[in-house]
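Let's take a friendly walk through this model, one helix at a time. Keep the viewer open as you read.

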Amino acid sequence: MSLFKTYAGLSRDIYYLCLARTINSTGDFVFSLITLVLTLQMGMNVVSAGIFVSMAALISGPGVLLGGYLSDVMGKKTIIVIGQLLSAIMIISCSFWSGTITVGYLLIAVMFFISITRPAYNALIIQLCTEEKERKSAFSLMYLGANLGIAIGPLIAGFFIKDHVNIVFISIGTVFLISTFIIINQVKIGTRKELASTNSEHAGQQQSSQPPSPLFRLLLKNPLVAFFIVVSFLNYFIYMQYSFSLPLQMNHSFGENGAAYYGSVMTINAISVIILTTVILSATRKLTALNSIATGALFYGIGFGALNLLGTFPHFSIVALSTVLWTIGEILVQTNINLYIASRVPDTHQGRFNGLLLFVGCLGYTLSPYLTGIFIKSMDMESVWIIILAVSLFYALSMIILWYIEKSSTRRNEMKPLDHSKSI
């Protein structure tokens, strides 16, 4: 229980926000729901269902960009509430058009409105927390809660999806409404928090009273932040291997048992996230965001790179150990990736920068299967993991170089992050 003291001291608003995100995430398998509903309930072929899934993935990119912009203009809490209410209305409406193609389009719309809330959630945590250690705990708590919800939701829905899909639609909509109710009534953004934000050590937030500058002008004036966002593409490219290359590897190494083994991998991943997130936060509390991400990238490389051994030793024990290692990398990267931007961007632009980071993530998720497919086609399956190892090492090196540049600049200019924010 002493490990959970790492989450002590956060504001009441953060606890309620994380609770709302946990509840909301139990219905966050809409992306998978599109495939299941269209194929199981409507009998649509895989190719046609794939078109709908691709449309949902593509629309998420503009969604996070729009959500980031609107959260800066209209307020983070406002966008979360609007996005979740519209998602709830859309998903409940699916029960009235059950068995028709309209459901497919409605679920795509749900994905769009869910994506709008993502940068707002991240930006709101940053606004409610004034110190980096506090933000690190808050992001870790939200990550843990979201994974708990994602693990529970599909498990329960699996019993109803085939014969009682309307129950699933109404349940997800209700979950979204409960989450929204908690945010409306329990997450308060008062003048006390705004004053604390403007008085924090991150001087960029002192610019919140000034008219917002164009996003790309800020990127040009903050080249290190721009570099960080661009290089973050590698994180999403690497992480996507768990859902594309890994199941292919399971089929290649274990034949007809591949699907069952892949299910075991997902179970190991979920259990590792739940058990290790708090432990890793406690162990890395003193590390900077960049050092934590670099360490996570190394675990990515070692974990995925170990799968190359399956060519010689096709044993599931290697897969199990690999999964624990790349899950550690996942925890380190995903709980720290928002922290770097948080301390270098004023509150007036947190939504847009987080939206841009999530948009780069959408590109990584979209392009990763295609590019990796080219690698697999041109070489044997196991050799792909050596490429992923190399990409992971490059990602870690990029974070270390960025850390070194900032550290050197800070020595010369006293407070480089302050100078960046003032340039805005």
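We begin with serine 272, which sits in helix α13. Keep in mind that this is a predicted model. Is serine 272 buried or exposed? Its relative accessibility is 8%, so serine 272 counts as buried, given that the cut-off for buried is under 20%. What does serine 272 touch once its neighbours within four places in sequence are set aside? The contacts are Thr277, Val324, Thr327 and Ile331.

Now look at another residue of that helix: isoleucine 275 also belongs to α13. Here the relative accessibility is 52%, and therefore isoleucine 275 counts as exposed; the threshold for that label is over 50%.

Isoleucine 275 is part of a nonpolar patch on the surface, where Ile275 is joined by Leu148, Ile152, Leu155, Ile156, Phe159, Ile271 and Ile274. Together these residues have about 780 Å² of accessible area. Two or more of the patch residues come from each of α6, spanning 132-157, and α13, spanning 258-283. Which element gives the most to the patch? That is α6, with four residues. As you look at the helices, it helps to recall that an α-helix has 3.6 residues a turn, so residues three or four places apart point the same way.

Finally, turn to helix α12, which covers residues 245-254. Buried residues in α12 are Ser245, Leu246, Pro247, Gln249, Met250 and Phe254. Just after α12 comes glycine 255, whose phi is positive, at about 60°.

How values were computed. Residues are numbered from 1 along each chain as its sequence is written. This is a predicted model: local features need pLDDT of at least 70, side-chain atom pairs count only at pLDDT 80 or more; totals for chains, interfaces and linings use all residues. Side-chain values use heavy atoms; hydrogens and water are left out. Patches are made of residues with over 30% relative accessible area and no salt bridge: like charges are joined within 9 Å, nonpolar side chains (Val, Leu, Ile, Met, Phe, Trp, Tyr) within 5 Å. Accessible areas come from the Shrake-Rupley method with a 1.4 Å probe; for residues, only the protein chains shown count as cover. A salt bridge is a side-chain nitrogen of Lys or Arg within 4 Å of a carboxyl oxygen of Asp or Glu. Buried means under 20% relative accessible area, exposed over 50%, partly exposed in between (1.4 Å probe, protein chains only). Contact means heavy atoms within 4.5 Å.
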